[in-house]
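User: I'd like to learn how to read aromatic pairs and nonpolar cores in a model. Can you walk me through them?

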Amino acid sequence: MTTHNLPPSTLFAPQGGLSGQTQIMTDRAVFTEAYAVIPKGVMQDIVTSNLPFWDKTRAWVIARPLSGFAETFAQYIMELQPEGGSAQPEPDTAAQGVFFVVQGEITVTYNNEEHVLPEGGYAYLPAGAKYEVRNNGNETAVFHWVRKQYDVVEGIEQPEAFFTHEKNATVAEMPDTNGAWKTTRFVDPADLRHDMHVNIVTFEPGGCIPFAETHVMEHGLYVLEGKAVYRLNQDWVEVEAGDFMWLRAFCPQACYAGGPTRFRYLLYKDVNRHAPLGSFQR
């Protein structure tokens with residue numbers, strides 16, 4: 001991996017709370033047959049969940065498989081109080097996971113080795129991995145947890161666990177953009193052991209996706225920094241740090257980052273596998 005000096009980070013993490021009785025109900029939340037937008041203002045105390053075997057922890061479940069919509073993944077925003085965490089975090093032995101920290105720090109213990117992940121820290125845990133997650137600090141820690149059942153292919157070994165930071169990941173400039181559109185990649189796209197990518201996409205002010213991407217990959221996009229207008233199916237939607245976009249396969253999508261600061265989001269997509277045919281269950 002190549003180290004890059006990135007500007008100071010201001011990653012967004014939800015703070016919870018509950019709106020007052022005098023606030024109007026109009027918001028940007030929308031759910032369509034092609035996409036959903038969950039704005040940051042919706043992520044309040046009343047929609048959090050407690051999870052089995054997690055202590056001093058709550059979760060915003062912002063994506064889960066839905067038949068006829070997006071079917072490949074789940075995404076949580078996990079909030080751990082000091083001394084919070086779990087010795088039995090993942091109940092599904094077929095599920096792999098990615099952690100990305102947006103506030104504070106967490107400690108992941110894997111194979112009897114502790115890995116401290118601060119803001120911007122990233123972990124990949126393969127299916128069947130045994131590990132623990134703890135907040136050993138004095139401040140609340142917040143991280144994204146992307147979960148997907150691993151799609152086994154005979155003859156291809158499963159990937160191993162790894163722990164890193166966004167500053168140590170490979171940053172690829174998209175062709176002919178003069179650096180206005182970049183992707184921070186934590187996994188080599190040619191590594192067929194991986195059936196999902198969780199990357200960070202960055203647009204400098206004025207950068208754009210100049211065509212309507214239309215493809216088989218499902219997406220979860222959590223806005224880490226800045227604001228932009230996003231084309232989702234036939235609609236232009238304004239989004240900002242803390243908002244989440246959830247796209248089913250083949251939903252047309254494009255983006256224009258109007259500034260004044262860079263626009264960054266955490267991106268999930270399913271990759272590197274054949275399309276299932278006939279009746280199937282993931």
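Analyst: Let's go through the ring pairs, then the cores. Keep in mind that this is a predicted model.

User: How is a pair of aromatic rings described?

Analyst: You give the distance between the ring centres and the angle between the planes. Here the count comes to 18 aromatic pairs. Take Phe99 and Tyr131: their centres are 6.0 Å apart with 70 degrees between the planes, an edge-to-face pair. Phe99 sits in strand β5 and Tyr131 in strand β9, so this pair ties together parts 32 residues apart in sequence.

User: Are Phe99 and Tyr131 buried or exposed?

Analyst: Phe99 is buried, at 0% relative accessibility, and Tyr131 is buried too, at 7%. For a tilted case, look at Phe203 and Tyr265, with centres 6.4 Å apart and planes at 35 degrees. That pair links strand β14 to strand β21, 62 residues apart.

User: Which residues form an aromatic cluster with Phe99 and Tyr131?

Analyst: Trp54, Tyr76, Phe143 and Trp145 join them in one cluster. Trp145 also has Arg147 over its face, 5.5 Å from the ring centre.

User: And the cores: which residues have the most contacts inside the largest one?

Analyst: Phe100, Val198, Tyr222, Leu224 and Trp246 do, in a nonpolar core of 31 residues. Strands supplying at least two residues each include β5, β14 and β21. Leaving aside neighbours within four places in sequence, Leu224 is in contact with residues including Phe12, Phe100, Ile200 and Tyr265. A second, separate core has 23 residues, among them Val201 and Tyr230.

Technical notes: Residues are numbered from 1 along each chain as its sequence is written. This is a predicted model: local features need pLDDT of at least 70, side-chain atom pairs count only at pLDDT 80 or more; totals for chains, interfaces and linings use all residues. Side-chain values use heavy atoms; hydrogens and water are left out. A nonpolar core is a set of buried Ala, Val, Leu, Ile, Met, Phe, Trp, Tyr and Cys residues joined through side-chain atoms within 4.5 Å. Buried means under 20% relative accessible area, exposed over 50%, partly exposed in between (1.4 Å probe, protein chains only). Helices (H or I, at least four residues) and strands (E, at least two) are DSSP runs, numbered from the N terminus. Contact means heavy atoms within 4.5 Å. Rings of Phe, Tyr and Trp (its six-membered ring) pair if their centres lie within 6.5 Å; planes under 30 degrees apart count as stacked, over 60 as edge-to-face and the rest as tilted. A charge sits over a ring if NZ of Lys or CZ of Arg is within 6 Å of the ring centre and within 35 degrees of the ring normal.
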